[in-house]
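Me: Please take me through this structure with a few questions and answers, keeping the reasoning visible at each step.

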Amino acid sequence: MGKAVLLCDKQTDGSFLIHHFLSFYLKGGCKVCFLGLVQSFNHYSLVAQKLGVHLPAARQKGQLVFLEGLRSSLDAILADEQNSRPPTLSPFQFLSTPDASLQSLYEFVRLSLSGTSESTWKFPVLIIDDLSVLLSLGVNTGNILNFMHYCRATVCSKFMGNVVMLVHNTENLEDEENNFVVKSLSHQCHLILQVEGLTTGYCKDIHGQLMMTCRSPSPVKSERNITKIFQYKIQDKNLIITVEEEELSHQEIS
């Protein structure tokens, strides 16, 4: 508990990690706030069903709080065009004001996970799929990093829960804003999982490489960050991971 996990994908789709963490925490009895900024609720529900989790039931009993970003952002834009105010403050209120902060989105997260310790659920978890979408919506890097700072301070430190976020690694595409967000978050998270496609192309038995970096929270320089490399294969209802004979130790993550 109290951990921040950064998921990155490079030249491949790393969304399978999001589905893994979502089903893992729900099966474990945690209270989950899920910011689904990419797909609809039905999409996540179909994938979760294959993994043995029924999202509508989890949502109905209050274990899962799901924000469907596609619908909520459209509602916020239409309300702004029609000069009408929704009955409640939209988490995507920032879309109507250039360079606005993500306070409304943060308040949605805070209220969704507050009081978890007094409920029957275990620790709270915030899952975001994915932060790169906020850049596409015109949110600047400073506001995104401030939003994640407050989410980590509230969920990890105050509520003693976990935060899991996905960001696309666009290093090869020279997307300076996205790369800045990835590098900044890399230095603030306890665990980094980065998936990459195979450089050799298609392979029947291996779909890609998973690099796991465990960062030491200690400021002492003698405490090293440990990186291990795995290979993975995605099956319909399972994920097979094999260990490569390689382990790296370093002070910083580039």
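**A salt bridge, a helix and a pocket**

Reply: In this predicted model, arginine 110 and glutamate 107 form a salt bridge, with their closest N and O atoms 2.7 Å apart. The structure holds 1 salt bridge.

Me: How many residues apart are arginine 110 and glutamate 107 in helix α5?

Reply: Both residues belong to α5, which runs through residues 103-113, and about one helical turn separates them. Partly exposed covers the range between 20% and 50% relative accessible area, so arginine 110, at 28%, counts as partly exposed, and glutamate 107 is likewise partly exposed at 24%. The separation of the two along the helix is 3 residues.

Me: How far apart are the end C-alpha atoms of helix α7, and what span should its 18 residues have?

Reply: Helix α7 covers residues 141-158, and at its start a side-chain oxygen of asparagine 140 comes within 3.2 Å of the backbone nitrogen of glycine 142. After the helix comes methionine 160, with a positive phi near 55 degrees. At 1.5 Å a residue the expected span is 26 Å, which agrees with an end-to-end C-alpha separation of 24 Å.

Me: Which element gives the largest share of the lining of the largest pocket?

Reply: The largest pocket has a volume of about 500 Å³, and of its 22 lining residues the closest to the centre are Phe16, His20, Leu51, Asn238 and Leu239. Elements giving two or more residues to this lining include α2 (41-50) and β9 (239-250). The lining divides into 12 nonpolar, 6 polar and 4 charged residues. The largest share, 8 residues, comes from α1.

Note on methods
Residues numbered from 1 in each chain as written. Predicted model: local features only at pLDDT ≥ 70, side-chain atom pairs only at ≥ 80, totals over all residues. Heavy atoms only, no water. 1 Å grid on protein atoms, 1.4 Å probe; cavity = no way out; pocket = protein on both sides within 12 Å on 5 of 7 lines; lining within 4 Å. Points joined across faces, edges and corners; volume = space filled by probe spheres on them. Helix = DSSP H or I, 4+ residues; strand = E, 2+ residues; numbered from the N terminus. Nonpolar A, V, L, I, M, F, W, Y, C, P; charged D, E, K, R; others polar. Expected span 1.5 Å × (residues − 1). Polar contact = N/O pair within 3.5 Å; in protein donor to acceptor, adjacent residues only side chain to side chain. Salt bridge = Lys/Arg side-chain N within 4 Å of Asp/Glu carboxyl O. Buried < 20%, exposed > 50% of the residue type's maximum accessible area, 1.4 Å probe, protein only.
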